[in-house]
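User: Please take a close look at one loop and at what lies around it. I would like one connected account that goes on to the bound ligand, the charged pairs and the cysteines.

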Amino acid sequence: MAETTRTALMLIGAPGSGKGTQAKKLKDKLGYAHISTGDLLRAAVKAGTELGKQAKSYMDNGGLVPDELVIGLLKEAIAKPEAEGGFILDGFPRTAVQADALDAEVTLDKVIYINVPFELIEERITGRRMSTSGHVYHIKYNPPKVEGVCDVTGEELYQRADDMPEKVKERLDKFVAETQPVIPRYQAKGVVVEVDGVGTPDEVFARICAVL
Ligand code: AMP
């Protein structure tokens, strides 16, 4: 049965639209749990779990991990004590089946659609660099102090396999075909706010805060 007691927010947008960056900022401001299925899957791959082994090839190729795997992951994450006070979904749902599963569990208070023109996405994604602990940089827009090294942990930065230029089109196609069609169901419930995702992370964050 859907519950109404805790705040449930969702960030939706194309890959590279800044969902992860904005979700982290919202978490810091509001204290809600940040639930990123992409981060959870990358952690599973790194830990070499059965789920990680099953998910890896889909992820590396820019495809979507099968619904039943990510739905299980999502249910576990929202049942954790950290999520009791509220949570921010980042990268889930990505398909109608996932949205059905989510709607059976929670009622969303707000869906923030971060809109970035596709022409800008490629540069954003291919310039992205990560540390294994999840800190995210961009070689041009948010470079680390020392090239190739995480400011926070000192780890060597890496480029996600699915952030390579040849994978970006595949991911955008998936977004258009599978994820975008999910938005109207939340529009029908009156909970969608669209935010212009062009600008610095702080500029976009200010727009999000203004509509929350
Ligand atoms: P992200 O960090 O959100 O860009 O996710 C990285 C990759 O993990 C995606 O390209 C997919 O392969 C996979 N993934 C993350 N979330 C989902 C989801 N909700 N459904 C299917 N695959 C997902």
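Analyst: P93 sits in the loop between β3 (86-90) and α5. The model is a predicted one, and in it the peptide bond from F92 to P93 is cis, with omega near 0°. As background, most peptide bonds are trans.

G91 and R94 are also among the residues closest to the ligand, together with T37, G63 and Q98. In total, 16 residues surround the ligand. Which element gives the largest share of this shell? Helix α2 (residues 37-47) does, with 4 residues. By residue class the shell divides into 6 nonpolar, 5 polar and 5 charged residues.

Three polar contacts show how the protein meets the ligand. At T37 a polar atom of the side chain lies 2.8 Å from a nitrogen atom of the ligand. At G63 the contact is made by the backbone, where a polar atom is 2.6 Å from an oxygen atom of the ligand. V65 also uses its backbone, with an N or O atom 3.0 Å from a ligand nitrogen atom. Of the 480 Å² that the ligand exposes when taken alone, the protein buries 96%.

The helix that follows the loop with P93 also takes part in a charged pair. E105 and K75 meet through their side chains in a salt bridge, at 3.8 Å from N to O. E105 belongs to helix α5 (residues 96-105) and K75 to helix α4 (residues 67-79), and the pair links distant parts of the chain, 30 residues apart. This distance counts as a salt bridge because the cut-off between nitrogen and carboxyl oxygen is 4 Å. E105 is partly exposed, at a relative accessible area of 29%, and K75 is also partly exposed, at 39%.

How many salt bridges does the structure hold? There are 16. In general, side chains of opposite charge can pair when their charged atoms come close. Another of these pairs is K25 with D202, whose side chains meet at 2.7 Å from N to O. K25 lies in helix α1 (residues 19-30) and D202 in helix α9 (residues 201-211), so this salt bridge ties together parts that are 177 residues apart in sequence. With 23% relative accessibility K25 counts as partly exposed, whereas D202, with 53%, counts as exposed.

Helix α1 also holds L30. L30 is partly exposed, its relative accessible area being 33%. Its C-alpha atom is separated by 9.8 Å from that of I88, a residue 58 positions away along the chain.

Are D163 and R171, which form a further salt bridge, buried or exposed? D163 is buried, at 0% relative accessibility, and R171 is buried too, at 9%. The closest N and O atoms of D163 and R171 are 2.8 Å apart. The two also belong to a network of salt bridges that links them with R128, R160 and D162.

R6 is another buried arginine, and two backbone oxygens lie in reach of its side chain. R6 is found in the segment before β1 (7-12). R6 has a relative accessible area of 15% and therefore counts as buried, the limit being under 20%. A polar atom of the R6 side chain lies 3.0 Å from the backbone oxygen of I78. The R6 side chain also reaches the backbone oxygen of A83, at 2.9 Å.

The cysteines remain. How many disulfides does the structure hold? There are 0. A disulfide is a covalent bond between the sulfur atoms of two cysteines. C150 counts as buried, at 3% relative accessibility, and C209 counts as partly exposed, at 24%.

To return to the starting point, the loop between β3 and α5 holds P93, whose peptide bond from F92 is cis. G91 and R94 are among the residues closest to the ligand.

Note on methods
Residues numbered from 1 in each chain as written. Predicted model: local features only at pLDDT ≥ 70, side-chain atom pairs only at ≥ 80, totals over all residues. Heavy atoms only, no water. Buried < 20%, exposed > 50% of the residue type's maximum accessible area, 1.4 Å probe, protein only. Disulfide = S-S within 2.5 Å. Near = heavy atom within 4 Å. Polar contact = N/O pair within 3.5 Å; in protein donor to acceptor, adjacent residues only side chain to side chain. Areas by Shrake-Rupley, 256 points an atom, 1.4 Å probe, with all protein chains shown as cover. Nonpolar A, V, L, I, M, F, W, Y, C, P; charged D, E, K, R; others polar.
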